[in-house]
Every structure is written in structure tokens, then in C-alpha cells.
Amino acid sequence: MNLKELYQEIILEHGKNPRNLGKTDDFNKDAKGNNPLCGDNVHVYLKLNGQKIVEDISFEGSGCAISMASASIMTDLIKGKNENEAKEIVEDFLQMIKENPELKSEYLQDDEKTKLMCLSGVKQYPMRVKCATLSWHTLVSAFENKKEEVKTEN
Amino acid sequence: MKIENIKKEFPIFDEKIQNNDLVYLDSANSSQKPKVVADRINEFYTKQFSNVGRSVHYLAVAATNLYENTRSSVQKYINAKDKNEIVFTKGATEALNLVANILGQNYLNEGDEILITELEHHSNYVPWHFLRKSKNIKINFAEMNEDGEVTLEEIEKKITPKTKVIAITHLSNVTGAILPIKEITDLAHSKGILVVIDGCQGAPHLKLNMQDLDCDFYAISCHKMYGPTGLGVLYGKKKWLEELPPYQGGGGMISEVKKDSISYGELPNKYEAGTMATAQVIAFDESIKFMENIGIENIMKHEADLVEYGQELLQKNNSVKLIGSPKNKGGVLSFTLKGVHPHDIATILDEDGVAIRAGHHCCQILHDKLNIPASARASVGIYNTKDDLDKLNDSINNCKKIFNLK
């Protein structure tokens, strides 16, 4: 195990100064995620246009550095992608966190992949995977505009 | 047995945990086990095993005697008046559920009120919440003050003519506050109110004397007392245990069973339905002997020194904020670190072999009051040393370094 791999500078930076934090003015889809045992919570807001492209995305929430950084990086990457692309990226990310050594999606640029791979250190900390994945599952739920809260605990 | 050498009695401290020596600061969650307790479980299963209280063969009689010996040891340890006031349960959680259940069945009426505190562990809130639904009972909360205490005055303020039960913790598992339960019990009894104590954190760390405390019920968690998991003790005044109805039905708790009538067994069998955690009960006798050998006064002195040392250490560490500064404090150091989430703290400390707990510690009401979702908690037991607390502080400093804190 390697703490430096988990708490890389970019994660600490995103954790401290999360991008796209706050409620988007004119969102049309949203969903909430909550891990009550550890106290992480997130609310993802989406503004989807007629072509199903994510024109704007933001989140509100609180939690550990891993969960905040993961949500921050996610919103950065998803902005401008269409719904299908976004869902494929989510799937790719979840597979990477679980087992895949690298990201495969063609919808991610190399520099975007590099940024996202910063979260791969979480793999070695099974108890923390739920922190990294909460906002991503919540994003999928936001596309569906689901009312029930997402949980990644248990 | 000298407390300075006590670590040697716990085999886990010979293990390397992720290549580190173990600094175990999670005893409020569960304590480690001395070798004598682990060995006793093995010995019972391999050489003496039988179910208790039923058969007449040699092993059954011997096992029954061992099982009842523990009951006598517990009685003596907590100075209960009668051996039959000791009921074994599957944990303190079950003990509290048992009390709430039987009082709900046959003591409380619609509109009655129960007074608990904002310090309570979910185990001393949720069982009473069930009665909100089933019996329309109201639950009131005595408030925690800025020092993380609940005072006698606050309890007195929250008592109403409808208060029938006060259910409170002996020692808060978050702020470490030791509540004045003897005074609270005196006050409650003067108003005809029953007192139920959640003694999970009290029993492992404080001298217990049921006849002096005079509370009506006291719940104990054995795995926090250097004993086995799956076992709790409910102390209940004989009068109540005799008067109130059974909790669970099954074998062992009955006197006579007919198609049209059932009569229940005498105490303590009445509350011990089904095959009990026999090996755990028998091994728990070793935990009590172990604590008696060291002496509860020595344990209290040792842990008070540790808490004082740890408090000073963490107070000097800027960025660390201790939760609660009660005048009378048990072995719990809960804290937050500015800008670092408790789960990140716990992960980083774990890498140094320092085991603490992060989260709401089953006390969401308390954390809501403090307006924080979670906290980090280091808690001490008899095996801890000042060196352990130095390592905790060093590891917190490591955490600050990673997060670029001063």
C-alpha cells in the first residue's frame, strides 16, 4: 500500500478546491447520493440540452478528500460530453476502480485519462472505494432523474 | 499482575499489522483479548463442551456449573444484591432492547415519556423509538452542554410529570463525559421514575456498585471488557425482572407448557431463552478475573493518566480540535483536524499502524448537534501506554504533512 499514491497532489488540490461546486442555476436533472455510515453526501445537478449534451454540471456535498476530489474531477470531465459518452466514461471509471489497470474509453483524451488515473490508488484501499464511486453512481442516477438516494455502502 | 507489563498478556501485540507494531486505540469500539480468555474458549470447546441446564450427564452438569460461576462472578464484580439479577444476553444492544421491550409490554402506557440524552449511542435510542410507534410514547432529549456533558440540572429540567423512564449512558463514547448517574438515579427515584443505564463504556473503565448506584437496569457489553463477542449482561433489579413479562420465548425459559396454558420459568432462566452463548459466558469469567487481578482502581488510575497525557498532547497540536472537555472524562479522545475529513485521518493513521475509529460512532444526534458529519476517535484500554499516544500524535502530524497543514 502506498499513501502517496492515494493522496496525490492533484487529489488533495481538487479535494480542497473542488471545481463546479454549488448548484447550477438552470439545471434540469439532478440526483442525490449519501453514504450515511461515513457521512459522505453529494447532490449532482445537470443541464442537458436538446441534443442530450451536458451543457453544465455541478455538485454540492461534503465528504472526505477522496469523495470530493472524485466528484470534482468527474464534473470537469463530463462537461461537454453527451449522455451516452458520459455513461460510457462512468462505466470505464468504475471498471478501472474495480479491476482494470487502465481506462479504455475513446471519449476520454489522454490528459483526461491521466487525471482520472490519479484516483486509481483507491483500489488498494477497499474501504475507500465507496468514497470514490459515490458521485459517479449519483451522476448516472441524475441522468435518469431518480428521486431515491444513491448509496455505495455495503 | 502489573499494568505496566500488561501488553504481554495480549497475543495480538506480538503480531505485525501491515509490517507495523500495533497501536490499538479503538477499545471503545471493542477491546483486544488476553490470552487467558482466548485459551478458555478453546479449552471449553475441546475438553469440556456440553450445553447447559438441560441434560443430566457429567459434561452437562459441569458446564452448567461453569456457566453459573460466571453469573456469580459478575454479581460480585458489579456488587449486585442477588445472583438472579444477572441476565446474559447476546450483547448490550440486546440488553437494552430487552428492557425497552418488557417495559413497553407491561409498564408504559400511551402518552408516557422517556427521557434520554443527546449523548446516547443508537442502541439506547432506537429501542425506545420502537415504542414511539407501537405505544405512542414520547421521547425527550436532555441536551449536551458545550463541554460535552449532560448535567444533573439539565436532566431535572427535562423531567415532566409524564416521565416514566430515564435511559442514559454512564460514559459517553464520543465526548468521554462520565455522567452523575447516582445523583440522577436519586432524583429519578424521588419522582417515581425508573433508571436504565447504558454501561457499555462505563463497565470496562469504572468501578461498579449496583447496590450503591441503585439504578433499575444496567447494560454491559462483554467484548469491551476484554471478553468474547456475542455476549452482554443485563443487570436488573429482582423486583422488576420478577414482575415484568419475558422478552423471548423458547426452550429454557418456561416452567410448564400445555396446549392451553404456558407458565414461565424462574429467574434468571425466564430471560435466557434458547441455547445461550455458553463458551463466551464461561470465558467471560476469565475476563473478570483478569480485570480483578489488575484491580479496577489501578485500571482507572492508568487510564486517567493516559487521557490526561493524550489531551495535553492533542491540545498542543494546532489544527487538532478535541470534542468535549468534560470535567469528569473517561478514556475517549474524539477530535477533528481542520480541513481533513475523519476518514482520511483514519486511513493515514492506519498506514502507521495506528488503529482509531472514524465516523459518527453510532451517535448521529450528537454529531448533528456539533454540526459535523463525523469525527475521529482514539480510545484507550488497559494495554495502552503514553508511547501509543505519542505515536498517535506523530501520525496526526504525518497526516497534516500530507494535507499541507501547519
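Visitor: Which residue stands opposite Ile166(B) in β7(B), and how should I read that pairing?

Guide: In a regular strand the side chains alternate between the two faces of the sheet. In this predicted model, the residue opposite Ile166(B) of β7(B) is Leu115(B), and the strands concerned, β5 (residues 113-117) of chain B and β7(B), run parallel and are joined by three bridges. Ile166(B) also has a bridge partner in β8(B), namely Val195(B), and here β7(B) and strand β8 (residues 194-198) of chain B, again parallel, are joined by five bridges.

Visitor: How many residues of strand β7 of chain B are buried?

Guide: Buried means a relative accessible area under 20%, and six of the seven residues in β7(B), which spans residues 163-169, meet that description, leaving the strand mostly covered.

Visitor: How do I read a salt bridge inside a helix, and where do Arg40(B) and Glu43(B) lie?

Guide: One looks at the spacing along the helix and then at the exposure of each partner. Arg40(B) and Glu43(B) are three residues apart in helix α1 (residues 35-48) of chain B, about one turn of the helix, and their side chains meet with an N to O distance of 3.1 Å. Arg40(B) is buried at 9% relative accessible area, whereas Glu43(B), at 33%, is partly exposed. A second case is Asp305(B) with Lys301(B), whose closest N and O atoms are 2.9 Å apart; these two are four residues apart in helix α10 (residues 296-316) of chain B, so about one helical turn separates them. Asp305(B) is partly exposed at 31%, while Lys301(B) counts as exposed at 53%.

Visitor: Which parts of chain B does the pair Lys238(B) and Asp82(B) tie together?

Guide: The side chains of Lys238(B) and Asp82(B) meet in a salt bridge of 3.1 Å, N to O. Lys238(B) belongs to helix α8 (residues 238-243) of chain B and Asp82(B) to the loop between α2 (58-77) and β4 (86-89) of that chain, so the pair ties together parts 156 residues apart in sequence.

Visitor: How many salt bridges does the rule find across the interface of chain A and chain B?

Guide: The rule finds one across that interface, formed by Arg128(A) and Asp344(B), with the closest N and O atoms 2.8 Å apart. On the side of chain A that touches chain B, the residues divide into 12 nonpolar, three polar and three charged. The two chains bury about 1,300 Å² between them, 57% of it on carbon and sulfur atoms, with 18 residues of chain A in contact with 14 residues of chain B.

Notes:
Residues numbered from 1 in each chain as written. Chains lettered and ligands numbered in written order. Predicted model: local features only at pLDDT ≥ 70, side-chain atom pairs only at ≥ 80, totals over all residues. Heavy atoms only, no water. Contact = heavy atoms within 4.5 Å. Buried area = accessible area lost by both parts, 1.4 Å probe. Salt bridge = Lys/Arg side-chain N within 4 Å of Asp/Glu carboxyl O. Nonpolar A, V, L, I, M, F, W, Y, C, P; charged D, E, K, R; others polar. Buried < 20%, exposed > 50% of the residue type's maximum accessible area, 1.4 Å probe, protein only. Pairing = 2+ DSSP bridges.
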